[in-house]
Amino acid sequence: MSHPNPGSTPRTRVRRLPEKAAQDRAALHAVLDAGLVAHVAITTEDGRPFVLPVAYARDGERVLIHGSTGSRLFRGLAAGAPTCLTVTLLDGVVVARSAFESSMHYRSAMVLGACTVVPEQDKATALDLITDRLLPGRRDELRPHRPKELAATLVLALTLDETSVKISDSPPDDEDDDLDTPIWAGVVPITEHFGEPVSAPDLRFDIAPPHYLRTWTR
Ligand SMILES: Cc1cc2nc3c(=O)[nH]c(=O)nc-3n(C[C@H](O)[C@H](O)[C@H](O)COP(=O)(O)OP(=O)(O)OC[C@H]3O[C@@H](n4cnc5c(N)ncnc54)[C@H](O)[C@@H]3O)c2cc1C
């Protein structure tokens with residue numbers, strides 16, 4: 001089944017600074033695959049908006065999220081409440097010659113739609129996929145999910161049908177009459193990285209951090 005390109009519906013067409021819009025699905029996948037945290041919006045019955053930060057994993061043309069069956073907001077999403085999921089990667093601070101033109105380098109993706117509940121028989125596989133995405137290499141060492149853990153977890157899927165991507169990676173774009181201002185301008189990159197593993201204080205065996213942690217990169 002084909003999925004529309006990012007920005008191809010009236011609701012997702014980037015109007016503000018459209019030159020920053022990316023319209024190919026590869027760009028959408030790349031942003032989603034580079035992030036670890038998504039923000040998922042829901043409007044509750046009394047009309048109040050909430051935004052939940054959650055771990056997620058892309059599974060082909062859908063995003064998987066999981067949460068407690070006791071979570072009011074997850075239950076609302078499971079019931080099909082309309083949602084908007086965003087992933088934001090911060091790449092730098094743009095230091096322009098005016099405060100007005102100063103901004104950020106970023107890659108961000110937005111997905112509109114409604115979640116569906118991953119059926120019981122597919123839940124463990126979906127949770128394994130989330131584990132593989134967030135903790136690559138770990139699953140081979142882990143015990144199987146316990147029935148009570150599966151029963152306590154809702155897994156939701158949001159298809160990548162209505163999406164948009166915006167990428168900001170340009171140098172400062174100052175007004176001509178600001179270019180003569182004798183102050184520095186440029187971009188300060190932001191990089192994210194994993195630090196040295198810290199062993200749990202209740203580790204009962206003399207075990208070094210596993211080798212696959214060395215392959216984790218940001
Ligand atoms: C880290 C970061 C910091 C930002 N800081 C600011 C700020 O301080 N002030 C500010 O005004 N804007 C900021 N932006 C840009 C902001 O996200 C919006 O793009 C911008 O405000 C225009 O909003 P709009 O509703 O007028 O866009 P429109 O172009 O009218 O939005 C139409 C559609 O375009 C898509 N779209 C819009 N923005 C994005 C996006 N960022 N990512 C993916 N799809 C998008 C959506 O599908 C949306 O429905 C920032 C973005 C990022 C990622």
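**Exercise 1. A salt bridge at R62**

Determine which side chain R62 meets in a salt bridge, and how accessible the two partners are.

Solution. Step 1: in this predicted model, the side chain of R62 meets that of D59 in a salt bridge, with an N to O distance of 2.9 Å. Step 2: the cut-off for such a contact is 4 Å between a side-chain nitrogen of Lys or Arg and a carboxyl oxygen of Asp or Glu, and the R62 to D59 value of 2.9 Å satisfies this criterion. Step 3: R62 has a relative accessibility of 27% and therefore counts as partly exposed. D59, with a relative accessible area of 24%, is partly exposed.

**Exercise 2. Further salt bridges and a network**

State how many salt bridges the structure holds, and describe those of D132 with R139 and of E149 with R143.

Solution. Step 1: the count of salt bridges is 14. Side chains of opposite charge can pair when their charged atoms come close. Step 2: D132 and R139 meet through their side chains at 2.8 Å, N to O. D132 is partly exposed, with a relative accessible area of 33%, and R139 is partly exposed at 33% relative accessibility. Step 3: E149 and R143 form a salt bridge at 2.6 Å, N to O. The relative accessible area of E149 is 29%, so E149 is partly exposed; R143 is partly exposed at 43%. Step 4: D128, D132 and R139 belong to one network, joined by salt bridges that share partners.

**Exercise 3. Cysteines**

Find the number of disulfides, and explain why C115 has no bond to C84.

Solution. Step 1: the count of disulfides is zero. Step 2: C84 takes part in no disulfide, and the nearest cysteine sulfur, that of C115, is 11 Å away. Step 3: the cut-off is 2.5 Å between sulfur atoms. Seen from C115, the closest cysteine sulfur is in C84 at 11 Å, which is too far for a bond. Step 4: buried or partly exposed? C84 is partly exposed, at 21% relative accessibility, whereas C115 is buried, with a relative accessible area of 6%. The cut-off for buried is under 20%, so C84 at 21% is not in that class.

**Exercise 4. Aromatic rings**

Classify the pair formed by Y212 and W216, then identify the cluster to which these rings belong.

Solution. Step 1: a pair of aromatic rings is described by the distance of the centres and the angle of the planes. The structure holds two aromatic pairs. Step 2: for Y212 and W216 the centres are 6.5 Å apart and the angle between the planes is 35°. Step 3: stacked requires under 30 degrees and edge-to-face over 60, so this pair is tilted. Step 4: Y212 is buried, at 7% relative accessibility. Step 5: ring pairs link Y212 and W216 with F194 into a cluster.

**Exercise 5. A charge over a ring**

Which residue lies over the face of F50, and at what distance from the ring centre?

Solution. R72 lies over the face of F50, at 5.1 Å from the ring centre.

**Exercise 6. A backbone angle**

Describe the phi of L17, its place in the chain and its accessibility.

Solution. Step 1: most residues other than glycine have a negative phi. Step 2: L17 is not a glycine, yet has a positive phi of about 50°. Step 3: L17 is in the segment before strand 1, which spans 21-22. Step 4: the relative accessibility of L17 is 32%, so L17 counts as partly exposed.

Methods:
Residues numbered from 1 in each chain as written. Predicted model: local features only at pLDDT ≥ 70, side-chain atom pairs only at ≥ 80, totals over all residues. Heavy atoms only, no water. Helix = DSSP H or I, 4+ residues; strand = E, 2+ residues; numbered from the N terminus. Buried < 20%, exposed > 50% of the residue type's maximum accessible area, 1.4 Å probe, protein only. Phe/Tyr/Trp six-rings, centres within 6.5 Å; stacked < 30°, edge-to-face > 60°. Lys NZ or Arg CZ within 6 Å of the ring centre and 35° of its normal.
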